[in-house]
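Reader: I would like a close look at a single part of this model, followed outward into the spaces around it. Please take your time and keep the account connected.

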Amino acid sequence: MAFPLSSAIISHKLSFNACVAPSIRRLTFRPPHFIFCFNSIDPRKLGSFRIHCMSNGDRSEELKHQHSTLVNSYMSTNGYNKKLGSLIAVILVVVQISSPLPLVGWEFWPISPANAVLYSPDTKVPRTGELALRRAIPANPSMKAMQDSLEEILYLLRIPQRKPYGTMEGNVKKALKIATDEKDSILASVPADLREKGSTLHESLIDGKNGLQVLLGYIKDKDADKVSVALASSLDTIAELELLQAPGLSFLLPPQYQSYPRLTGRGTVEFTIEKGDGSTFSPEAGGEPRKTASIQVVIDGYSAPLTAGNFAKLVSDGAYDGAKLSSTDQAILSNSGLDKNSGSRVPLEIKPSGQFEPLYRTKLDVQDGELPVLPLSVYGSVAMAHSESSDEYSSPNQFFFYLYDKRNAGLGGLSFDEGEFSVFGYTTVGKDILSQIKTGDVIRSAKLVEGQDRLVLPNEK
């Protein structure tokens with residue numbers, strides 16, 4: 001939410017051995033006036049002074065009614081002028097910061113509120129690839145309502161001590177009611193040839209081993225660990241159902257991009273990585289050190305059909321087999337020295353959250369509240385580098401794994417590069433391998449193990 005930095009909402013009660021009373025019922029800002037009263041007649045009160053703050057209207061009446069707010073500050077006679085000057089300076093600096101005043105000539109006039117705005121991005125931006133991919137599936141509104149209700153529990157579980165189990169119970173009951181009452185509409189959204197599988201998944205969602213009924217029981221038992229396991233299982237089942245409901249793109253591509261390769265759903269790419277210096281990767285649990293390691297990436301054509309389609313075609317053509325990798329603190333980049341004819345000149349492609357289709361050749365204004373469906377700010381996100389000629393286009397073939405680190409992130413935990421690259425997938429298997437990849441390591445092979453049937457090539461219906 002954006003908050004205007006307005007002087008009118010800042011309290012004028014200051015705490016530095018002097019007090020300025022806040023204005024009463026102030027709806028608009030009126031700069032205060034200060035009267036400094038010094039006592040130089042009574043030797044017993046030598047060095048005593050009073051400060052009074054009042055608004056433009058009825059100054060004499062304000063002085064009479066707010067006499068109790070006048071402050072006496074006593075100083076020793078040694079260095080009186082110097083200390084008094086310092087105190088006055090401190091008072092004016094703090095008041096000026098809290099409520100800017102036009103000090104030139106001490107002519108006080110009303111000041112309009114500042115126009116600066118601070119934006120705090122939504123704290124519920126997906127922080128895992130699995131969550132981002134699940135949210136990106138276009139599906140039946142009833143399924144999305146269940147998903148939203150259950151995903152809220154993910155955040156409630158993060159509360160460290162007294163977890164709101166009552167709220168969690170309400171969320172699960174809401175999801176159960178939707179699953180029961182909207183069964184017909186949910187299954188009607190599944191293609192006829194997949195409806196039997198959809199019906200099985202629906203039954204599993206309600207009464208399965210870790211279905212909603214079991215999840216509700218764990219919540220009543222206040223067992224956070226079991227709640228977490230059953231919740232993940234229920235959300236996975238919802239994602240499977242949603243994928244059945246979304247067999248293709250839910251929007252039409254712009255006419256100028258109709259001839260580009262495109263992915264009309266999900267795909268999975270498996271990379272085999274080999275150490276370039278002959279060293280090994282860390283062993284798996286109970287295993288031996290490995291000369292090669294595997295990484296799986298799920299690529300999403302629902303949100304980035306052109307980018308994912310171009311990448312899937314390059315993988316199918318073997319373009320990345322033998323490509324070298326370069327590692328930095330923030331990313332692992334593929335070699336940009338591939339054949340310049342490899343891949344298409346795909347425009348920057350980003351689908352904003354809440355929008356029906358992607359934007360092309362346009363970056364998002366994150367500070368203005370625009371956030372992508374597929375955020376970069378996830379460890380192991382996969383995106384295309386920018387074209388050498390223009391940031392409005394992606395590189396035809398150079399991609400990178402993003403090594404998100406919250407310590408180097410900006411406002412709201414978002415990457416400073418959020419909304420500027422075409423993100424098209426996430427590392428789902430082998431995320432621990434990413435930190436072990438160094439410059440000079442090699443992609444021995446890259447294979448499209450799932451989604452070949454959803455890859456549409458030019459001049460092919």
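Author: Ser415 counts as buried, because its relative accessibility is 7% and the limit for that class is under 20%. This is a predicted model, and the values that follow are computed from it. Along the chain, Ser415 is placed in the loop that runs between strand S14 (394-402) and strand S15 (422-429). Its side chain has a polar partner in that loop's own stretch of backbone, since a polar atom of the Ser415 side chain lies 3.0 Å from the backbone nitrogen of Asp417. Once neighbours within four places in sequence are set aside, the residues in contact with Ser415 are Leu376, Ser377, Tyr402, Tyr404 and Ala409.

Several of these names return when one turns to the enclosed space beside this loop. Ser415 is one of the residues lining the second largest cavity, together with Gln330, Tyr402, Leu403, Tyr404, Asp405, Asn408 and Ala409. That cavity holds about 60 Å³ of space, and its lining divides by class into 4 nonpolar, 3 polar and 1 charged residues. Tyr402, Tyr404 and Ala409, which are part of this lining, are also among the contacts of Ser415.

The structure has 2 cavities of 30 Å³ or more, and the other one deserves a comparable description. The largest cavity has a volume of about 70 Å³, and of the 14 residues in its lining, Ile350, Lys351, Pro372, Leu374 and Val423 lie nearest the centre. Its lining is made up of 8 nonpolar, 2 polar and 4 charged residues. Val423, one of those nearest the centre, carries a number that falls within S15 (422-429), the strand at the far end of the loop of Ser415.

From the closed spaces one may pass to the open ones. The second largest pocket has a volume of about 490 Å³ and is lined by 22 residues, with Arg135, Ala136, Ser353, Gly354 and Val373 nearest its centre. Helix H4 (residues 141-156) provides the largest share of this lining, namely 4 residues, while the lining as a whole comprises 10 nonpolar, 5 polar and 7 charged residues. Glu152 also lies in helix H4, and it counts as partly exposed because its relative accessibility is 31%. The C-alpha atom of Glu152 is separated by 8.2 Å from that of Met168, a residue 16 places away along the chain.

The largest pocket contains about 910 Å³ of space. Its lining has 29 residues, and those nearest its centre are Ile137, Ala239, Glu240, Leu243 and Arg266. Helix H3 (129-135), helix H9 (224-245) and strand S7 each supply at least two residues of that lining, with H9 giving the most, 7 residues. By class, the lining of the largest pocket has 14 nonpolar, 4 polar and 11 charged residues.

Strand S7 leads on to a second buried loop residue that can be set beside Ser415. Lys275 is located in the loop between strand S7 (266-274) and strand S8 (292-300), and it counts as buried because its relative accessibility is 10%. The Lys275 side chain reaches the backbone oxygen of Gln436 at 2.4 Å, and it is also joined to the side chain of Asp441 by a polar contact of 3.3 Å. Beyond its neighbours within four places in sequence, Lys275 is in contact with Thr280, Phe281, Lys291, Gln436, Ile437, Lys438 and Asp441.

These details belong to a protein with 11 helices and 17 strands, in which 46% of the 461 residues count as buried. Among contacts between residues at least 6 apart in sequence, 68% join residues at least 24 apart.

A careful reader will also want the confidence of the prediction. The mean pLDDT of the protein is 80, and 72% of its residues reach 70 or more. Over residues 1-60, however, pLDDT stays under 50, although the model has 126 contacts beyond four places in sequence for this stretch. Residues 62-78 likewise have a pLDDT below 50, with 39 contacts in the model beyond near neighbours in sequence.

Conventions. Residues are numbered from 1 along each chain as its sequence is written. Side-chain values use heavy atoms; hydrogens and water are left out. Buried means under 20% relative accessible area, exposed over 50%, partly exposed in between (1.4 Å probe, protein chains only). A polar contact is a pair of N or O atoms within 3.5 Å; within protein, one must be able to donate a hydrogen and the other to accept it, and residues adjacent in sequence count only if both atoms are side-chain atoms. Contact means heavy atoms within 4.5 Å. On a 1 Å grid over the protein atoms alone, a cavity is a set of points where a 1.4 Å probe fits but cannot get out, and a pocket is an open set with protein on both sides within 12 Å along at least five of seven lines; lining residues have an atom within 4 Å of a point. Grid points are joined across faces, edges and corners, and a volume is the space filled by probe spheres set on the points. Ala, Val, Leu, Ile, Met, Phe, Trp, Tyr, Cys and Pro count as nonpolar, Asp, Glu, Lys and Arg as charged, and the others, Gly among them, as polar. pLDDT is the predictor's confidence in each residue, from 0 to 100.
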